[in-house]
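Colleague: I'm new to this one and would like to get my bearings. Could you put it on screen, so I can ask about a few spots?

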Amino acid sequence: MFSAWKLAKMAFLVRLSATHLLLGRRGASAFRVVVGADVPRRSFGIPASVVQTSAIVGRFGPPSSPSPSSSTSSTTCLGSTLEASSSSPPLAGTVVEHPSYDVVQTDTIPEYGASCTLYRHRKSGAELLSLSTDDDNKCFGITFRTPPRDSTGVPHILEHSVLCGSRKYTTKDPFVQLLQGSLQTFLNAFTYPDRTCYVVASQNTKDFYNLINVYSDAVFHPRAVTDPMVHAQEGWHLELERLDDPLTYKGVVYNEMKGVYSSPDSLLQREAQQSIFPDNAYGVDSGGDPSVIPDLTFEEFAEFHSKYYHPANSRIFFAGDDDVSRRLDIMDEYLGDFDDSPESRPGSKIEWQRKRYVEPVTVRHPYPVSDKGEGGEPDTHLTMTNWLLNDRPMTAMEEITLTVLDHLLTGTTSSILRKTLMESGLGEAITGGGLSDELMQATFSMGLKGVKPENVNKVEELVMDTLKKVAEEGFPEDAVAASMNTIEFQLREFNTGSFPKGLSLMLGSMSKWVYDQNPTEALKFEAPLAELKSSIAKDGSRVFQDMIREFLLENSHRTTVEMFPSKTLEEEQLTEEKERLAKIKASLSEEDLQGIIDKTAELKRLQAAEDSPEARDHPQEVTEYPIRVTENESNSGVTVVRHELGSTSGIAYATLAVDVSGIPLEDVPILPLFTRIMMETGAGEYDSVALSRRIGMHTGGVSVSTMIAGVNQEGAAEDAVTGGEHFVTKLMITGKSTSDKTDELFSIFDLILRDANLDSQAKIIEMLRESKSDKESTIQGSGHSIANARIRSRYSVIGYINEMMSGVSSLDTVKELLDQAKNDFPTLLSRLENMRNTILDKNTCRDGMILDLTGDAAVFEKIESSVENFLTKLPGDSQGSKLQNFYSVPHPWAEYAKEKMAASAPVVDEGFVVPTQVSYVGKGGRLFEVGEAVSGSTSVVSRFLGTGYMWDNVRVIGGAYGGFCQFQPRDGIFSFLSYRDPNLAGTIDVYDGASQALLASAKDMETDPDALATAIIGAIGDMDGALSPNQKGSLQFKRWLTRESPEQRQKFRDEVLNTKPSDFKEFAERLKALKDPSSAVVSSKSAFEDASKAGKTFALKDIM
Ligand SMILES: [Zn+2]
């Protein structure tokens, strides 16, 4: 049962169980890596209406990849009309044999057109699952079972460390070189609570094999087990530069986890997990608890590797269209070094946590808030109720039933449990992801955050009462149909976005395989789905009611975790750490201390040393996707854009873009609220529940967002920095359905566009509360993106508008709107009504509409009449007048935004104070003036700076989790950013030293062509990626909408490929002369105080 839904939940779990990624090596696209597995959220979290990033992603870089689950409030689907996949598995019947392996089992998975063979390596005992599919995005992964015994974070530190050099790849950081110079489409490692996976994907066969070699050598023969410096750098070490200084703890994982432990949401998840697993490996933190990490010795670390990183404890996975015998050959080279270790596998077995609580358990824990004295905002609590669902393996039927039940209870804003909690007014936003079933034992969690102390107990009561009520009354028939269709659509469509399909298959099979069950069974859904359907046909929703009783109501292995605010916790933790370090220092002799000083210096010297790389092949041409544009189609006044692809599995993808330039700029901050209302409050005769079910029954999901995209001005040079006055602003209604359901899809588009209920005060208050809470979490947990948006808002009109809608200032907007919604709803309502009237202005709205469609030939043929029908029925006058042409005249928002920028976004260094133990440090400015030409070489240089100097100094030496930089050719603005950083003033010094370091690199490159080639390949790899059908369509649409020509794309790519050392030099000189630079930092009060002592002062603002 591996749907996009499941993938979303899996990723959610990976994130929240503090299992972490090697984030951060890719400049702007660092965020792309993260999105792959770290950020995905379910329906809660980022609302549908967050500004699309088209305006702030690299000009010719990859599209901002949506998370596999960027599912918005009501992404629900219909599956029953989708045909079962008919593609026959390639190579069916031909099992590849190899002398070094026994064939354990063969199978086909018709659901995904895959033929599978499970091998056992004779000498080492390793298991290898080989899937042959027609996917050219080849995927390899190796997974070890690594259950931790304590919270020292040893699996996580090891995950980081094995990628720091190995027997064959002796450089200090081969992983970095892969990121710098590979064409990979995915490269990462994950630590779960019970396993560690290393994964790569690439469309280039040669590159793919190279990546496998690097990874295999790294996991089996890492330098980290013989060289204690690696553990010191990635895990933790004591640092001391001068005898009189205080000792400090440093280390990448140490600091990463400090960031995690600063977030109340993460703390809640951790406490919840530990409370329901008191006895087994899930009860400790595989990511590492910062207060325990320094207990880990190098010997224990090395011992953990030798115990668990043995082939006999590994599971190796391949999927894609590459040659099977080659796979077996490559792995044989590594596995052949080892003899079988029969005790290895039983030694890593996960023990079952018995359901042993006879009474539900309650747990209370503090979380840190800043002390703002009197008059601060009232303290709020978080509470979540959690169940351990099973202490024996579940059947496939039980699993799929649970998946659908989870969707019925929590999947959309109209799902009963989620809806009841949100409407209760007991809290601001939902916590708990419902069902988590990626580990051996499934759990279910639900609760609220932003809860007043006196309401905490009511939340649990409400959860229980709601479940009791549903168990008695059952679910309405249409709700069951909508959820069934949603799950089935996702299973069949198997659209993983930019996330490699092979990786999804691996994660799916691993959910069984890692527990010694059949790896291919987990991927099959036809049989259990049919069984569930027939059960529903016979007994309606009884199967779900029985399940609620058995797994939830009558299950006393339940815990409720409450997190309460503490104003002293942050200070206490700091003091505790200082005292601990002072005690250590006092216990050491001067000789010992001198030893630490020497080691610190040695580590810094090693970290700063240079490696030498190698170069590989790369494609010269830009990939273009089909596009056909018809203006005034069927005399409707509307422009239709079509992308006809080879196959889209019978699915039509549609976006209706509606112009919003008539809205006055001062109302732009409420656009995100408006787009959310379109989805969540019902429309016309449909209330919110009925609308959500209608979407669920007939479509593959509908969402609404806003797009602000800078465009090329008519007649201007395409490679010149724009003044930012020319852009298009659209409200985008996006959806998908099977080709026989597009009438219904379009009718929903029309309904929510014209007739969304703007007047549901209670619902709007609820949405605003939730979005306030989400924004606070974003500021605290993703401060780098907040800092970046803030910096850009000072120099660019589009940056300013984006910041208004989703940056730190939007938190104030949401608070004001909440106040207005509560105390003066008529005013808010009339603003919203005016907004809709403006958007649907009879005279001009048709001219501003664009319908973008992606499908295959059969889909287009089938949907032709519904397209025509839709066009003629749209609001507005088909003979109306033309909108202003923003490709030649400035956008009306531009003038006013410029005035506002001068007044409200002056170029100053700003600090945003939040409760946290880490900093997010940003600094930037204008690198190119308006009108100056920007060459493609800039993307090579800024990437080089991010993956080289920034990585080395901010992450490796500074101990931050990430350091990147971002440059956008369109607006000429450059920014430096750090993520979960222990330093503040020091990081700014690092930024200020960048131009000097870059000049030195430019000089070195004159004599080192390999270094240059690596930098170029990395930049090219960023520009190419594997896209799903709808992503191909929307990328080509965006290229057309912004009037970016294919010639310019090719020119840009040629410039990337022809980058020279002199380009590095020129960039460095510009950086040195960066005009009007300024900083934006998200950090704690005490860190700002320290920075001020070091001469770095900021205009401070308390955020929470
Ligand atoms: Zn990590």
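Colleague: Is S124 buried or exposed?

Modeller: One thing up front: this is a predicted model, so local features need pLDDT of at least 70, side-chain atom pairs count only at pLDDT 80 or more, and totals for chains, interfaces and linings use all residues. Residues are numbered from 1 along each chain as its sequence is written, and side-chain values use heavy atoms, with hydrogens and water left out. The cut-off is under 20% relative accessible area for buried and over 50% for exposed, with partly exposed in between (1.4 Å probe, protein chains only). S124 comes in at 0%, so S124 counts as buried.

Colleague: Where along the chain does S124 lie?

Modeller: Look at strand 2 (114-121) and strand 3 (127-132); a strand here is a DSSP run of E, at least two residues, and a helix is a run of H or I, at least four, each numbered from the N terminus. S124 lies in the loop between strand 2 and strand 3.

Colleague: Which side chain does the side chain of S124 join in a polar contact?

Modeller: A polar contact is a pair of N or O atoms within 3.5 Å, one able to donate a hydrogen and the other to accept it (neighbours in sequence count only if both are side-chain atoms). A polar atom of the S124 side chain also lies 3.3 Å from the backbone nitrogen of A126. The side-chain partner, at 2.8 Å, is H121.

Colleague: Which residues supply the protein donors of the zinc ion?

Modeller: Donors are N, O and S atoms within 2.8 Å of the metal (3.2 Å for Na, K and Ca), and sites may look incomplete because water is not among the atoms. Here they lie 2.1 to 2.7 Å from the zinc ion, two NE2 atoms and two OE atoms. In sequence the spacing reads H-x3-H-x95-E, and the pair H156 in helix 3 (residues 154-161) and E256 in helix 7 links parts of the chain 100 residues apart. The donor residues are H156, H160 and E256.

Colleague: Why is the arrangement around the zinc ion called what it is?

Modeller: Four donors are tetrahedral if all angles lie between 85 and 135 degrees; four are square planar and six octahedral if opposite donors are over 155 degrees apart and all others between 65 and 115; anything else is irregular. The four donor atoms here subtend angles of 53 to 154°, which makes the arrangement irregular.

Colleague: How far is I779 from V914 in space?

Modeller: I779 sits in helix 24 (residues 761-781) and is buried, with a relative accessible area of 1%. I779 and V914 are 135 residues apart in sequence, yet their C-alpha to C-alpha distance is 8.2 Å.
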